[in-house]
Amino acid sequence: MSKIAVVYWSSTGNTEKMAKTITESAKNSGADVDEFFVDEFNADLVSNYDKIAFGCPAMGNDELEETSFEPVFTECEKVLGKKPIAIFGSYEWYEGGWIENWEDRCRASGLNLAFDPIKAYDYPDDEALENCKKLGEELAK
């Protein structure tokens, strides 16, 4: 059985909805899942999990939330090694380029981005939630 962490930051509830959908789907698929608001997670916990899904909405100029999420992700980046990870989140302006920037960052850092990133415009629609359910199922494998 996979041990999974779903780590997210959300201010409006959009990315939180995505995280909860991923968590529920992974649990329903038989995984042992812990869900964390990013302030509850740190790099010392990374080794406790087989796979980690990180969620953060687009902020500012298509960047990650800088006060809570960015520092935690930066620390985790140093210890993730080849652990399979996923990234997801919501956006409300531009084209959602922050997820491509984040994906490029993960690949440039040598992280094992083992799943396609998931983005949702504003509150996640049915298609985005279905993609979150599929991600939960994939994480559980």
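Glutamate 35 counts as partly exposed in this predicted model, because its relative accessibility of 26% falls between the limit of 20% for buried residues and that of 50% for exposed ones. Its partner is lysine 20, with which glutamate 35 forms a salt bridge whose closest N and O atoms are 2.6 Å apart. This pair links distant parts of the chain, since lysine 20 belongs to helix α1 (residues 14-28) and glutamate 35 to strand β2 (residues 32-37), 15 residues apart. Lysine 20 is also partly exposed, with a relative accessible area of 39%.

Side chains of opposite charge can pair when their charged atoms come close. A search of the whole structure finds nine salt bridges, and one of them joins the side chains of arginine 105 and glutamate 70 at 2.9 Å from N to O. Here too distant parts of the chain are linked, with arginine 105 in helix α3 (residues 97-108) and glutamate 70 in helix α2 (residues 69-77), 35 residues apart. Arginine 105 is partly exposed at 23% relative accessible area, and glutamate 70 is partly exposed at 22%.

Within helix α3, arginine 107 and glutamate 103 lie four residues apart, about one turn of the helix, and their side chains meet in a salt bridge of 3.3 Å, N to O. Elsewhere, Lys3, Asp32 and Asp34 are linked in a network of salt bridges.

On the surface, Asp125, Asp126, Glu127, Glu130 and Glu137 gather in a patch of negative charge. Of these residues, aspartate 126 has its place in helix α4 (residues 126-140), and it is exposed, with a relative accessible area of 68%.

Methods. Residues are numbered from 1 along each chain as its sequence is written. This is a predicted model: local features need pLDDT of at least 70, side-chain atom pairs count only at pLDDT 80 or more; totals for chains, interfaces and linings use all residues. Side-chain values use heavy atoms; hydrogens and water are left out. Patches are made of residues with over 30% relative accessible area and no salt bridge: like charges are joined within 9 Å, nonpolar side chains (Val, Leu, Ile, Met, Phe, Trp, Tyr) within 5 Å. Accessible areas come from the Shrake-Rupley method with a 1.4 Å probe; for residues, only the protein chains shown count as cover. A salt bridge is a side-chain nitrogen of Lys or Arg within 4 Å of a carboxyl oxygen of Asp or Glu. Lys and Arg count as positive and Asp and Glu as negative; His and the chain ends are not counted. The place of a charge is taken as NZ of Lys, CZ of Arg, CG of Asp or CD of Glu. Helices (H or I, at least four residues) and strands (E, at least two) are DSSP runs, numbered from the N terminus. Buried means under 20% relative accessible area, exposed over 50%, partly exposed in between (1.4 Å probe, protein chains only).
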